[in-house]
Amino acid sequence: MICQLVCLLFISTASPVLSVVPQTVYGDLLANVLNPNTYLKTAMPICNHGEKLHVGQDMILYQLYDLEEPTQMLTVDVWVESTWRDCRLTWDPAAYHNVTSFAVKATEIWHPDLVFFESLHGNFAEALGVLGQSTARVRYDGMVELGSQMLINTFCRVDLRLYPFDKQRCNITFASWSKDNRTFVLRKKVDSGTGADHAFKAASNGAWLVEGFPAFNKIVQRKVGLNESAEPAWFTEVTFQLQLRRKPLYHQAYMVFPCALLTWLALLVYLLPAESGEKIGYVTTLLLSLVVFLLMLADNIPRSGDCVPILGQYFVMCVLLVALANITTVLSYSLSLRSDEFSPPKLLLACLSLAGLCGLQFRCDGGWRLFTFSWRQLMPSRNGGAKQLSNSDKWRLLGIVCDRFCLLVYGVLCTALTIWIAGFSNETED
């Protein structure tokens with residue numbers, strides 16, 4: 001009897017302890033729906049012959065990070081989502097504890113091989129697996145929602161003709177790499193309208209304002225691969241267009257305003273007297289300052305020979321105006337500082353009639369009156385005679401007339417140039 005008890009005790013202690021594994025709520029559901037014997041994840045979910053698989057594509061813009069003009073690379077933070085119906089992933093919720101949906105890795109089910117063609121990833125495999133590593137939500141009626149938040153870099157061709165008052169349109173195109181429209185139809189998930197439902201208001205950054213993010217359905221014809229003899233097929237695409245408007249405040253404050261100020265300061269060179277000897281140095285310093293601004297602009301725009309931006313045209317015209325002021329200043333020096341040994345030619349003396357048009361009156365007693373419209377060459381003396389102007393006085397008067405005439409012309413040109421660049425700024429604000 002004692003031996004039997006010892007044997008029973010030895011057997012009870014030596015035998016392994018059998019534990020009962022509890023069954024989860026989703027265990028039976030996943031085992032039935034994702035049964036590898038009945039569900040083949042590499043096959044498209046088309047259950048009836050002749051049908052097409054319709055996939056809805058959506059994308060929401062969370063944040064615009066940057067649009068680099070030199071490299072033409074757009075960086076955005078988006079939520080990408082695809083929706084389709086898999087006829088094999090259906091069940092009766094009443095038979096599975098009223099479970100109506102579950103989440104599963106995208107690698108466990110079939111999902112479309114979507115790519116976006118404007119990708120700037122390091123290799124094509126990263127662009128090919130847009131949603132392959134995300135999680136999908138499956139409903140009891142077979143609807144599958146596969147989404148993921150992504151930071152993507154895309155190519156955006158920048159049009160710089162109106163820079164810095166420009167608007168840009170950047171496209172992000174999704175399509176299937178291998179499935180044409182005979183079996184696969186890709187379309188936008190919802191009607192975007194103006195695109196307000198695809199972009200958050202806070203998506204703009206300090207340099208760009210997001211005006212919209214609409215989506216468009218397209219159908220294009222292309223060949224798959226590099227086989228030129230292959231017959232092209234029609235493919236469906238969904239294009240999301242990011243509509244941007246540049247905020248020009250930075251360029252107005254740090255480029256346009258200093259350039260306009262230097263251009264207007266060059267106007268004062270015509271009011272300096274020739275005897276000061278500082279006119280050439282003054283206007284040359286302004287010219288060199290504008291050239292520095294032009295070099296700063298060249299580092300901030302793409303190196304392209306397609307067009308010259310509005311800001312570049314404005315800088316070039318400002319440089320030309322200040323260069324013109326430099327040339328006319330040299331001419332004024334040449335006229336004003338001649339001695340009595342040189343007699344002015346009659347042709348130049350005829351130009352003295354322009355003194356009235358320039359708002360200048362010269363008096364023989366050595367005084368000048370500005371902004372009047374008459375000039376008297378001779379003045380009677382006290383003894384009844386007439387006092388004749390010397391050659392140096394005539395040269396000096398010719399220099400003053402040249403300065404006042406250039407002052408009026410330069411002022412008109414500078415005003416027209418300022419109104420022209422301000423007109424683009426008003427269009428941007430509207």
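User: Happy to be looking at this one! By class, how many nonpolar, polar and charged residues does the lining of the largest pocket have?

Analyst: Welcome! This is a predicted model, and its largest pocket has a volume of about 300 Å³. Among the 16 residues that line the pocket, Tyr163, Ala207, Arg246, Tyr250 and His251 are the closest to its centre. Sorted by class, the lining has 8 nonpolar, 3 polar and 5 charged residues.

User: Which helix gives the most to the lining of the largest pocket?

Analyst: The lining draws at least three residues from each of domain 1 (29-246) and domain 2 (250-357 + 389-427). Two elements, β1 (53-68) and α4 (249-265), each supply at least two lining residues. The top contributor, with 4 residues, is α4.

User: Arg246 is one of the residues closest to the pocket centre. Which side chain makes a polar contact with the side chain of Arg246?

Analyst: The partner sits in the loop between β1 and β2 (73-90). With 9% relative accessibility, this partner counts as buried, because the cut-off for buried is under 20%. The two side chains come to 2.5 Å, and the partner of Arg246 is Glu69.

User: Is Gln72, in that loop between β1 and β2, buried or exposed?

Analyst: Gln72 has a phi near 55 degrees, a positive value in a residue other than glycine. Most residues other than glycine have a negative phi. The relative accessible area of Gln72 is 16% and the cut-off is under 20%, so Gln72 is buried.

User: And Asn98, in the loop between β2 and β3 (101-105): is Asn98 buried or exposed?

Analyst: Asn98 also has a positive phi, of about 60 degrees, although it is not a glycine. Its relative accessible area is 60%, and exposed means over 50%, so Asn98 is exposed.

User: What is the omega of the peptide bond from Tyr163 to Pro164?

Analyst: Pro164 is found in the loop between β6 (141-155) and β7 (167-176). Most peptide bonds are trans. The bond from Tyr163 to Pro164 is cis, with omega near 5 degrees.

User: How far apart in space are Tyr254 and Phe293, C-alpha to C-alpha?

Analyst: Tyr254 lies in helix α4 and counts as exposed at 53% relative accessibility. Along the sequence, Tyr254 and Phe293 are 39 residues apart. In space, their C-alpha atoms are separated by 9.6 Å.

User: How far apart are the end C-alpha atoms of residues 310-333?

Analyst: An unreviewed UniProt entry lists this span as a transmembrane region, along with others including 280-298. Residues 280-298 are 100% helix, with end C-alpha atoms 28 Å apart. Residues 310-333 are 100% helix too, and their end C-alpha atoms lie apart by 35 Å.

Terms used. Residues are numbered from 1 along each chain as its sequence is written. This is a predicted model: local features need pLDDT of at least 70, side-chain atom pairs count only at pLDDT 80 or more; totals for chains, interfaces and linings use all residues. Side-chain values use heavy atoms; hydrogens and water are left out. Buried means under 20% relative accessible area, exposed over 50%, partly exposed in between (1.4 Å probe, protein chains only). A polar contact is a pair of N or O atoms within 3.5 Å; within protein, one must be able to donate a hydrogen and the other to accept it, and residues adjacent in sequence count only if both atoms are side-chain atoms. UniProt positions are given in the numbering used here, feature names are shortened, and annotations may be inferred rather than shown by experiment. On a 1 Å grid over the protein atoms alone, a cavity is a set of points where a 1.4 Å probe fits but cannot get out, and a pocket is an open set with protein on both sides within 12 Å along at least five of seven lines; lining residues have an atom within 4 Å of a point. Grid points are joined across faces, edges and corners, and a volume is the space filled by probe spheres set on the points. Ala, Val, Leu, Ile, Met, Phe, Trp, Tyr, Cys and Pro count as nonpolar, Asp, Glu, Lys and Arg as charged, and the others, Gly among them, as polar. Domain bounds come from an automatic or database domain assignment.
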